[in-house]
Structures are given as structure tokens and as C-alpha cells.
Amino acid sequence: MTCCVGPIAGDIAHKTAAGQDQILAEELKHGAKHLGDGSLLYTLSVPGIHCGQCISTIESKLSKLASVKSVRANLSLRRVTFGLSSEAQSPLLVVNALEELGYASQSLDDEWANPIDTEFRLLVRSLAVAGFATANIMLLSVSVWSGASGATAQLFHFLSALIAIPTVAYAGRPFFRSAMSALSHRRMNMDVPISLGVILATCMSLYESFSSTGHAYFDAAVSLLFFLLIGRTLDYLMRTKARDAVSRLSRLAAKGGLVVNASGETNYLPLNGIKPGMIVRVAAGERIPVDGTIVDGISDVDRSLVTGESEPVRLTKSASIEAGTLNLTGALDLRVDRDASQSFLSEVLEMMQAAEQGRGTYLRLADRMAKMYSPLVHLLAFTTLVGWLIYTGGNWHVSITTAISVLIITCPCALGLAVPVAHVLAASRLFTVGVLMKDGSALERLGEINHVAFDKTGTLTTNMPRLSLNTIPRGPFSAMAKALALRSIHPAARALAKALDEKPITTITAIHEVPGHGVEGRFEGRLARLGRMEWVSEISHPAQPGTIVSGLAFAVEGSPIFRVELDETLRPS
């Protein structure tokens with residue numbers, strides 16, 4: 001029986017791995033961007049990217065593949081974007097090449113679906129252990145640096161060793177694993193000099209403790225780990241915030257839509273199943289799934305994502321509408337104009353990703369320096385060792401200590417992370433205030449700007465309308481207006497409901513929203529309306545036809561029209 005277990009288990013494992021690869025290939029093809037020349041652009045999440053040397057290794061390796069037209073690795077987001085010549089070529093070629101280099105990859109869907117990363121837990125735990133050990137070893141070192149000698153100093157060295165050795169073994173794992181992975185695949189990264197410096201400093205300190213010939217440097221080794229872990233943890237949190245900017249925007253996209261067939265029935269289709277020419281029905285309160293043209297229905301639409309204006313726009317038949325905008329008041333049927341992958345929202349997402357992937361002058365300079373950094377540090381440390389051996393006449397103790405110092409005093413991650421993190425955080429921050437950055441170099445040119453012109457009120461204002469004029473008298477009329485306003489999701493109605501102090505009348509009946517016009521209901525047999533002036537004026541007495549540029553009108557059947565005007569406040573800054 002046992003003679004069959006091995007082959008069967010191996011065959012099952014092989015089939016499982018093949019199935020997972022096929023799923024990954026399908027996910028990548030689903031998220032790929034079709035370029036005009038027939039080629040496709042793919043994006044992979046590669047969590048193993050840690051430094052500029054990783055960027056250099058990945059880009060140089062993948063660019064040598066015959067089917068790869070272009071490749072770009074992003075250090076801050078830990079993603080790789082590559083282009084293939086045709087749809088017939090499988091993205092698994094790149095996935096397999098990355099695995100040969102020691103980099104596991106996954107789709108962006110898997111990246112966003114797993115916000116709590118085991119890497120973050122490891123970093124936090126390692127940081128806590130290193131911080132605790134650093135504080136205690138520093139405390140023990142005070143007596144040594146204050147003049148303790150002989151057996152007393154050796155005792156404190158041994159106590160420090162009892163804390164430092166398990167700490168280095170545990171808290172150094174993020175660096176040791178990365179370094180071992182790089183070396184096992186015959187490449188270098190910035191974690192190699194970090195690991196080498198920490199291990200050599202610990203071993204040298206242990207030797208000094210037993211020989212009692214000098215100082216031990218357990219405090220330097222553990223504190224170096226502690227500060228590097230602080231930087232690595234902050235880097236992780238900043239990359240998470242950068243990903244959140246894109247994921248917040250992606251959440252504006254509907255997952256699918258109700259497609260109306262020839263018989264008038266509706267069927268739900270996922271977003272990738274909705275094709276140009278189909279009719280999609282969007283209910284009030286839903287996001288528009290794709291770019292299209294309205295063929296039936298009237299509604300107020302929040303287009304602030306497109307225009308920056310907070311005031312909803314009334315759209316009717318033949319009007320164009322963009323994916324990601326919010327349908328507020330009425331059901332709409334729209335004819336699909338473009339695939340979801342080519343919609344307005346997709347273009348905005350691509351702009352965000354371009355800002356994250358783009359490289360300005362300083363970023364390219366930092367990348368070039370980071371690529372040279374790791375081999376240069378090792379060469380410099382080795383040169384230092386040889387030079388001091390010659391200078392001291394073969395004193396290996398002083399020579400090794402000096403070479404270790406060269407490794408310890410360097411902080412290689414800062415060079416590879418500072419500029420890209422600054423770019424990504426800037427793009428994320430700009431997005432939160434409604435500004436999209438198309439290219440990283442634009443951020444560098446921003447410092448040269450001395451004049452700015454604004455043409456959108458939503459750019460300078462809070463996007464929260466407030467009442468500037470309210471002629472609705474206090475009492476029953478105000479209570480009826482609030483009852484109607486509470487039944488609408490229109491921003492103007494919400495502003496009115498928030499401003500009115502009266503409790504809404506609960507006996508008002510038959511409340512419903514008329515798309516593109518407003519809300520109406522009945523109180524004691526009389527019709528009450530809240531909405532557009534020309535619509536409300538139909539029930540007022542005397543009739544007062546007219547329009548208002550912004551704001552609302554309110555009237556009860558047979559009563560005069562009461563006006564409510566709105567404006568916006570400037571941002572405090």
C-alpha cells in the first residue's frame with residue numbers, strides 16, 4: 001500500500017498546482033489591459049520585493065524573455081507590471097520566471113482580498129521583541145560603559161548575550177529569510193548586508209564576552225534590528241495606505257448590473273459579462289456600472305467623481321453617463337457604450353496606478369543608486385577588512401571589527417524607499433482631496449508652480465451644501481418639509497432635513513420620490529411637494545412658474561411657494 005502513496009500524492013499535488021496556476025492565469029487575463037497594438041498589459045502582486053536590488057533583478061531577468069515587451073517593478077506597492085506581445089502568450093511565463101528568482105506572485109484580487117498580511121504580524125511581533133531587548137541591553141550596558149571591568153563587565157556581557165542571541169534569532173527573521181532566499185537564487189538584495197552585519201556583530205560580541213579582551217556590541221546589533229524593523233513596519237503601513245487609495249476608488253465600481261433582454265426581463269451579469277450594445281437597468285441609489293447612454297428614465301445623478309461639483313445633475317434620455325457616478329432619484333435604462341475595462345472609472349484607476357508606477361527624475365536616480373548599493377557595501381566592507389589587516393600587520397580582531405562597523409553604520413533601505421514612498425503617499429493624499437496625479441514627475445514639477453487657476457467649486461469648497469435662504473415658516477409646514485426631505489437621498493434634501501429643527505410629521509402619507517422632480521406626499525388630503533420650482537408650482541396658489549438655479553421649492557396644495565436656497569462653504573484651509 002505504501003508503495004502507491006508517493007506517486008498518487010505527487011500526482012494529486014501536481015494537478016492541484018496546475019489548477020492553481022490556471023486560476024491565476026485566468027485572473028490575470030481578466031484584469032489585463034488590452035493595448036491598441038494587440039498586446040496586453042498585466043499587473044502582478046509580488047510581496048517578496050524589498051529593495052532596489054530586487055527591482056534591478058526582476059526587471060533585468062524578465063526583460064530578457066522573448067515574449068515580454070516591457071516590464072516595470074514598483075518597490076512601494078510591491079507590484080510588477082509587464083506587457084506581452086499577444087493574448088495567445090500566457091502570463092504564467094512571467095510567473096514561472098519570478099518563481100525561479102525566488103519571488104512568489106499573486107493577482108491583485110488576492111492582494112486586496114487579504115488585507116491582514118502574515119508579514120505585518122511578523123513585523124509587529126519582531127518589533128516588540130527587539131524593542132524590549134534593546135531597552136534591557138541598553139540598561140545593562142550602562143554599567144559597562146560607565147567603567148565596570150573584569151568579572152563584573154563579563155557578567156553583564158553574558159546577561160546581554162542571554163537576551164540578544166534569542167532576540168536576533170527571532171526578530172531578525174524578516175531580514176534573514178529575505179537574504180537566504182536571495183542567496184539561494186544566486187542574487188543579492190539589501191537584506192544581505194543587514195543580516196551579515198547583525199550576525200557578525202552578535203558573533204563577535206559573543207567571542208568578546210568569553211575572551212574578556214574588549215567590549216561587546218550586543219546593544220548595537222539589537223538596536224540596529226529594532227530601528228530597521230521600525231522602518232520596515234512603517235514602510236508596510238505606508239504601502240497599505242497607498243493600496244487603499246486605489247481600492248477605495250475600485251470600490252466605487254459596481255460588481256455587475258441588471259441587463260434587460262429582448263423580452264423585457266432582467267438578468268444579473270457580472271461586470272466582465274456586460275458588453276457594448278446591451279441595455280442595463282440601474283435603480284435609484286445604485287452606482288452606474290459602465291459608461292453608457294440613457295435610453296429611458298429621468299434621474300438626478302451625482303457626478304462629483306467626474307466634475308468635482310457636489311450639486312447633482314438632472315439627466316434624461318440621450319444623455320451620456322459615466323461608470324462610478326451615483327444614480328440618486330429614479331430608475332434608468334442605459335445602453336452600454338464601452339466595456340467595463342475601458343470605462344471612465346477604469347481610466348481613473350489607471351491614472352492612479354500610473355502615478356504609483358511612474359518614475360520621476362529623483363526616483364530614477366534613487367533606483368540607480370539602490371541597484372549599486374548592495375554590491376558596493378560588500379566590496380567596501382571587504383576592502384576595509386583587507387586594508388586594516390595590512391595596516392595593522394595582521395590584527396584580524398581590529399580588522400573584523402572595523403569591517404563589521406562598515407556594514408552596521410549603513411542603512412540601505414532608506415535609499416530605495418524614501419523617494420518611491422514619498423511619491424505613493426503624495427498620490428494617495430492628493431486623491432483623498434480630489435486630485436489625480438497622472439505622472440510622478442508632475443509631483444516634482446509642482447514645486448516650481450507659482451500660479452494656480454481653479455474652475456470647479458467642489459475643489460475649493462467642502463462639498464457639503466448648507467442653507468443660505470429658507471422661507472418655509474416654522475410649524476406644520478416646516479415639519480411637513482422635513483418629513484419629505486428625510487425620504488430622499490438627494491444632497492439638497494439632506495441639507496434641508498439637517499437644518500430644520502422641527503420633528504417631522506408622521507401622519508403624512510403616500511410619500512414617494514418622482515425621478516428628476518422631487519418628493520411628494522399627502523397630509524390631511526392635501527398634496528405637498530418638495531423639489532424643483534416648475535414642478536412644485538403646479539400645486540401652488542397662485543401658480544408661480546419659474547426656475548431656480550440651485551436649491552429647492554416647497555408648497556402644499558393651494559398654498560404659496562416657499563423657497564430654500566443652498567450654497568457651499570470654503571474649505572478652512
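This passage describes helix packing, salt bridges and two backbone features in a predicted model.

A good place to start is helix H17, which spans residues 476–485. Of its 10 residues, 8 are buried, so the helix is mostly covered according to the threshold of under 20% relative accessible area. The buried set consists of Ser478, Ala479, Met480, Ala481, Lys482, Ala483, Leu484 and Ala485. These buried residues pack against one helix, H18 (491–499), and against the strands E15 (509–514), E16 (518–523), E17 (526–531) and E18 (552–556).

A helix pair comes next. Two packed helices are described by the angle between their axes and the distance between the axes. For helix H7 (residues 173–184) and helix H8 (residues 191–211), the angle is about 120 degrees and the axes lie 8 Å apart. The two helices are therefore oblique to each other, since 120 degrees falls outside the range of 65 to 115 that counts as roughly perpendicular and is not over 145. The crossing of H7 past H8 is left-handed. On the H7 side, the contact is made by Pro174, Phe175, Phe176, Ser178, Ala179 and Leu183; on the H8 side, the partners are Asp191, Val192, Ile194, Ser195, Val198 and Ile199. Sorted by class, the contact of H7 with H8 comprises 9 nonpolar, 2 polar and 1 charged residues.

Attention now turns to charged side chains. Side chains of opposite charge can pair when their charged atoms come close. In this model, the count of salt bridges comes to 8. One of them joins the side chains of Arg303 and Glu322, with an N to O distance of 2.7 Å. This pair links distant parts of the chain, its members being 19 residues apart. Arg303 sits in the loop between strand E9 (299–302) and helix H10 (304–307), while Glu322 belongs to the loop between strand E11 (320–321) and strand E12 (326–327). Both Arg303 and Glu322 are buried.

Arg529 and Glu538 form another salt bridge, in which the closest N and O atoms are 3.0 Å apart. Here the two partners differ in burial: Arg529 has a relative accessible area of 11% and is therefore buried, whereas Glu538, at 58% relative accessibility, is exposed. A further salt bridge brings together the side chains of Arg563 and Glu565 at 2.8 Å, N to O. Arg563 is partly exposed, with a relative accessible area of 33%, and Glu565 is also partly exposed, at 25% relative accessibility. Salt bridges with shared partners also connect Glu520, Arg529 and Glu538 into one network.

Finally, the backbone offers two residues worth a look. Most residues other than glycine have a negative phi, and most peptide bonds are trans. Ser318, although not a glycine, has a positive phi of about 80 degrees. Ser318 is located in the loop between strand E10 (313–315) and E11. With a relative accessible area of 56%, Ser318 is exposed. Ala510 likewise has a positive phi, near 55 degrees, in a residue other than glycine. Ala510 is placed in strand E15, one of the strands against which the buried residues of H17 pack. Ala510 itself is exposed, because its relative accessible area of 54% is over 50%.

Definitions and conventions
Residues numbered from 1 in each chain as written. Predicted model: local features only at pLDDT ≥ 70, side-chain atom pairs only at ≥ 80, totals over all residues. Heavy atoms only, no water. Buried < 20%, exposed > 50% of the residue type's maximum accessible area, 1.4 Å probe, protein only. Helix = DSSP H or I, 4+ residues; strand = E, 2+ residues; numbered from the N terminus. Contact = heavy atoms within 4.5 Å. Axes fitted to C-alpha atoms, helices over the stretch in contact; angles between N-to-C directions. Parallel < 35°, antiparallel > 145°, perpendicular 65-115°, else oblique. Left-handed = near helix turned anticlockwise from the far one by under 90°. Nonpolar A, V, L, I, M, F, W, Y, C, P; charged D, E, K, R; others polar. Salt bridge = Lys/Arg side-chain N within 4 Å of Asp/Glu carboxyl O.
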